[in-house]
Amino acid sequence: MAKIKLHRISKSFPGVKALDQVDLEVSEGEIHALCGENGAGKSTLMNILTGNLQPNKGTISIDGHPTKINDPQDAFAKGISIVYQHLSLSENLSVAENIYANGHPINSIGFISYAELYRMTDRLLQELQLDGIRPKTKILNLSAAQKQMVEIAKALAKNPSILILDEPTASLTGKEAAILFSLLRALRKGGTAIIYISHRLEEIFMLADKISVLKDGKYQGTWPREQMNEGKLIKTMVGRNVESLKNESHSTAEPLLSLRNLSGDGFTDISFDLARGEILGLAGLVGAGRTPIANAIFGAEEYREGEIFLNGQHLPGGHPVKAIQKGIAYVPEDRAHLGLFLEMSITDNIAIGNPKSTLKKGWYSLGKAKKIAEKYTNSLRIATPGIGQKTINLSGGNQQKVVLGKWLNTDPEVLIVNEPTHGIDVGAKFEIYEILQFLASQGKGILMISSDLPELLGICDTILVINKGKVAGKLPIAEATEEKLMALASY
Amino acid sequence: MINTLKKHRSPWLFIFFLCAMGCTLPPKNPEISTNRSPYQERKGNLENEEYVMVTTAVTMPMYMNRDQRAFLKWGEERNVKVSVLGPADWDVPAQINTIEEVIGTQPTGLLINGTDPAIAQVINKAVNAGIPTVVYDSDIPNADHAAFLGTNWYEIGRLQAEEMVQLIEGKGKVAYMGILGMSNMETGFQGYLDVLKKYPEIEVVGKYDSKASTEEAARISSDVLSAHPDIAGISGFDGPSGPGIALAVKEAGKAGKIKITTVDGEPEHLQLVKEGVIHMLAAQKRELFTWYGAQFLYDMVHGTNRLSNNDAKAGITSIPYRVDTGLLKITPKNIDQFVN
Amino acid sequence: MKQILQERIYLLIILLVTVCLVAGITFPTNFLTFSNFSQILLNVSVDTIVAVGMMLLLISGSFDLSVGSVVALTACLTAYLMQVLHIPIPMAIVLGLCAALVLGWINGYLVAYKGINAMIQTLAMMGIARGAALMLSGSGSQNLPYWFNTIGQSKLLGIQMPIWYMLLTVGIFTFLFKKTIFFRRYYYIGGNEKAADLSGIQVKKMKMLGFVISAGLAGVAGILISSRLGAALPTFGRGLELRVITAVILGGASLTGGYGKIPGALLGTLFMGIIANIMVISRVSGYWQEIILGIILILTLGLDKLLLKRYAQTA
């Protein structure tokens with residue numbers, strides 16, 4: 001019998017039907033992958049399961065009994081735990097206090113027993129093989145991956161019978177992901193029903209027993225893993241075949257951006273050249289020093305030694321405004337926090353990259369800004385009801401296109417993109433690759449930081465591997481394979 | 001070239017001239033009156049007789065319990081409408097704004113707390129609008145109000161200093177505090193210092209800003225006590241400072257030994273005199289300010305004591321120009337008459 | 001319709017008109033008169049000029065608690081320069097305004113470049129400026145020079161000058177916020193500071209200048225109020241900062257930044273001014289004023305949220 005069963009669940013928001021008669025059945029001891037593009041309704045479904053939202057229609061049954069999940073506390077009481085994609089930890093509290101946020105052990109007179117709290121946390125962390133994390137450490141002193149592991153530990157501390165994971169590996173390294181997978185397999189053996197949401201198809205095929213697909217809020221079906229393959233899954237999610245990348249190189253011999261012996265916080269002695277028309281990939285593990293290098297080029301971080309040249313001329317640092325004037329653009333990794341003005345319109349988001357382009361006789365002209373936004377909304381195929389839409393209402397892929405539009409409006413010579421397809425659905429990913437390739441064909445230089453190896457292998461001309469802040473190797477695309485890159489990145 | 005320049009300039013010149021023509025300057029050298037201006041006969045009748053009192057810091061307990069209560073009681077006994085208006089905090093511009101807005105509603109009489117000389121203009125505006133106006137507490141120079149009732153602040157300083165000299169037998173260190181920046185307090189300080197000047201063996205160690213807060217006064221006093229363990233006396237010039245000084249002295253275990261003189265006769269002050277912590281209170285007769293202030297307005301309007309065939313035509317008023325209500329000196333000797 | 005509901009300004013205009021109509025019917029002789037309205041405008045003029053600066057800061061996601069003290073210091077310093085040091089009036093005004101700008105610069109520099117929390121920094125400055133004003137003027141300076149007083153006491157076309165200055169300030173800043181890149185940047189900074197920096201906006205410099213502009217406007221307000229009263233008191237502007245922040249939030253700003261329009265500052269202070277005026281006319285005791293203003297603030301913001309939610313549900 002199904003541990004949890006969702007029957008014809010529907011949920012509407014103003015203007016959107018987020019879920020339309022969705023069914024889902026998860027049994028004990030089963031890892032059930034839930035797939036779908038961003039905006040397909042996965043998050044809404046999770047919010048219903050955890051009591052944050054109430055469905056308009058449909059029933060939820062746990063152990064065969066129809067039930068109602070009133071709020072998150074109610075969900076915990078019914079044995080449902082969730083590991084959020086966006087971290088839900090209090091930075092200033094210790095690991096132990098976060099894990100047992102609502103269930104501190106108390107001593108005989110009713111106060112928190114810290115000794116017991118730390119003992120419990122220690123035991124839990126041991127069980128999860130998280131030896132590197134100490135119960136008393138404050139969250140803010142942990143790496144992103146460690147935080148994610150604490151988040152998972154927090155969910156497991158409640159001994160849930162139903163565990164939901166939302167993109168748990170997004171910030172994990174390979175080793176940490178492996179620990180997580182073995183943990184999930186152990187839980188499966190123990191009878192926990194697991195709902196696993198991920199964009200990473202290889203994980204899904206490695207872990208899942210069953211795969212369910214949502215598309216535009218509609219349930220597409222459930223398949224046992226053996227009856228599914230990557231191509232079929234993508235087709236079900238996207239509703240069309242995504243043609244594989246045609247890798248035409250536009251690289252020239254003319255150097256555009258050159259780094260010479262650059263050293264700073266998190267990187268040492270970095271030298272490389274980026275030619276016109278080249279797409280240069282920066283591979284490496286999370287925390288290897290790729291983002292600090294990008295920040296140094298863009299002037300967002302200081303560097304200690306070395307030089308940066310653009311077209312043979314020294315590139316001034318100090319503030320991004322100088323780099324932008326010289327023709328450098330940077331799409332940062334964390335769209336919501338670093339790239340976008342979420343509460344502002346598409347027009348305002350695009351206009352700010354090159355405010356001079358919005359001037360008419362020296363004064364700001366909304367009409368002109370709108371024309372520019374219109375232009376990029378059309379050329380980048382940003383799906384939106386209008387350019388006045390706040391970017392918070394856009395899907396991840398469209399948000400990323402808005403950031404790209406902002407920089408295209410500055411007509412840059414060098415475009416640095418940092419994890420440009422992180423958390424973006426398959427369809428939009430390919431559109432972004434197309435944009436990058438088009439720009440390369442126009443003679444721009446593109447520096448692409450990505451942790452998605454197939455992506456790097458798919459569109460780069462050359463791949464540079466960064467390991468512990470240093471250049472570990474440089475591979476022309478013809479010689480590069482996933483194995484070689486992984487070896488260089490983590491020897 | 002010149003033509004184009006002219007073309008560009010002309011609209012601006014035009015606007016400038018328009019502005020200059022439409023501009024009215026305030027009257028220069030307003031007459032500084034030494035006499036109270038006569039009351040102008042009112043056009044309206046006395047059917048909707050209403051007296052309005054405008055003060056600042058209306059929520060201050062002393063104002064509420066003394067000034068305002070006496071004023072409201074007066075209204076009840078005369079059976080006329082009375083209202084108390086003004087900002088909740090000490091905010092002179094806001095008091096002025098309130099008076100300006102009240103003038104528009106033409107009350108029968110206006111009783112104003114003389115908080116600062118800056119309210120002179122608005123008092124004159126009220127007088128010119130034909131509203132009988134009386135000021136209480138502190139007099140306002142250069143204003144045409146019909147009468148003033150208050151206490152001589154210099155006297156408050158003098159009384160405190162003379163009592164202090166006796167209490168400390170003419171020698172030792174003293175400190176004093178009040179709300180710095182208020183003109184009546186500064187007058188009081190002057191009276192205080194003028195007396196102490198005559199006693200070379202008395203050393204004034206400091207003038208402090210109590211910021212009208214008991215907590216601040218207590219903090220300052222304990223600092224003074226630790227800086228000058230041999231201090232003989234402390235005086236306070238604003239209501240909240242008395243209990244503050246007393247608290248610090250009590251906490252230092254020196255109650256009764258360090259002499260305290262201060263102002264106001266609120267219940268907490270009286271209690272401290274009874275306990276022997278405070279040795280003298282120089283209290284104002286605030287109830288009389290507003291009671292008689294309102295009565296003056298009433299007598300003016302009703303012509304109660306007509307002194308000529310037509311006072312307005314004769315250019316006189318039938319009420320006193322200036323009333324000093326005097327002070328209450330409260331000491332352990334007479335304290336029982338003030339507490340229940 | 002949604003546009004109307006999203007901008008609190010429109011809601012406030014509807015409320016203002018309603019309140020005025022009700023008051024006009026209730027007090028037919030006293031409320032809807034030219035003299036009463038010019039009195040209301042005159043009374044809010046100083047607050048509004050300070051509120052324009054505060055609106056700028058709130059848009060950029062910051063605020064300044066020291067504006068009230070800066071009003072007092074500018075007034076007292078200018079008076080001191082004119083009366084004690086006998087410096088010519090225009091010179092004294094310029095120096096007074098410079099002092100305000102310097103205080104704003106110190107606030108801005110320490111908040112933007114040294115990362116001191118705006119609340120703590122401006123709270124400290126509030127005490128410092130108030131103390132300096134007290135030291136300069138003691139119990140206050142009376143009888144300021146005639147030509148200084150003409151600044152605030154003259155009339156143009158029958159309307160007092162402070163009203164014109166207020167309208168001019170609101171007009172200029174409304175225009176600048178609509179039409180210049182410089183001022184539009186404050187919306188981006190308030191929306192997402194990090195993204196603004198990575199988009200080429202020099203956030204630190206802009207934030208510092210925001211404090212300078214706001215303090216400059218507080219300085220103008222200080223000159224204006226002292227010339228209007230013909231006196232400079234160290235108690236000027238007590239509680240002004242909170243009153244102005246309240247007005248600006250009523251006028252559509254949000255403490256998180258990124259929201260608000262300059263005319264909202266005027267509407268906010270006007271709304272508070274009209275409520276205060278109605279309370280004076282209806283003889284509501286001063287004890288009630290703050291309570292009623294607090295209730296109105298909560299009700300307005302609550303109504304705002306309610307309308308947006310209602311709209312979201314029906315759509």
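I will go through chain B, then the side of chain C that touches it, and finally one helix of chain C. Please keep in mind throughout that this is a predicted model.

Let me begin with chain B, which holds 11 helices and 13 strands, and whose C-alpha trace spans about 85 × 70 × 35 Å along its principal axes. Of its 340 residues, 50% are buried, and if we take the contacts in chain B with a separation of 6 or more, 69% of them are between residues 24 or more positions apart.

Turning to the interface, 37 residues of chain C are in contact with 37 residues of chain B. On the chain C side, the elements that each supply at least two residues include α3 (34–59), α11 (203–229), α13 (262–281) and α14 (286–314), as well as the strand β1 (155–156). By character, the residues on that side of chain C divide into 13 nonpolar, 20 polar and four charged. The strand just named, β1(C), is joined by two bridges to strand β1 of chain B, residues 23–24, and the two run antiparallel; within this pairing, Cys23(B) has Leu156(C) as its bridge partner.

Lastly, helix α2 of chain C, residues 8–26, has 19 residues and reaches 27 Å from its first C-alpha to its last, close to the 27 Å expected at 1.5 Å a residue. Its buried residues are Arg8(C), Leu11(C), Leu12(C) and Ala23(C), and, seen down the axis of α2(C), they fall within an arc of 95°, so they line one face of the helix. On the other side of α2(C), the exposed residues are Ile14(C), Val17(C), Thr18(C), Leu21(C) and Ile25(C).

Note on methods:
Residues are numbered from 1 along each chain as its sequence is written. Chains are lettered from A and ligands numbered from 1 in the order in which they are written. This is a predicted model: local features need pLDDT of at least 70, side-chain atom pairs count only at pLDDT 80 or more; totals for chains, interfaces and linings use all residues. Helices (H or I, at least four residues) and strands (E, at least two) are DSSP runs, numbered from the N terminus. The expected span of a helix is 1.5 Å times one less than its number of residues. A residue is buried if 20 or more other C-beta atoms lie within 10 Å of its own, exposed if 12 or fewer, and partly exposed in between; C-beta atoms are placed from the backbone. The arc is that of the directions from the helix axis to the C-beta atoms. Two residues are in contact if their C-beta atoms, placed from the backbone, lie within 7 Å. Ala, Val, Leu, Ile, Met, Phe, Trp, Tyr, Cys and Pro count as nonpolar, Asp, Glu, Lys and Arg as charged, and the others, Gly among them, as polar. Two strands pair if DSSP finds at least two bridges between them.
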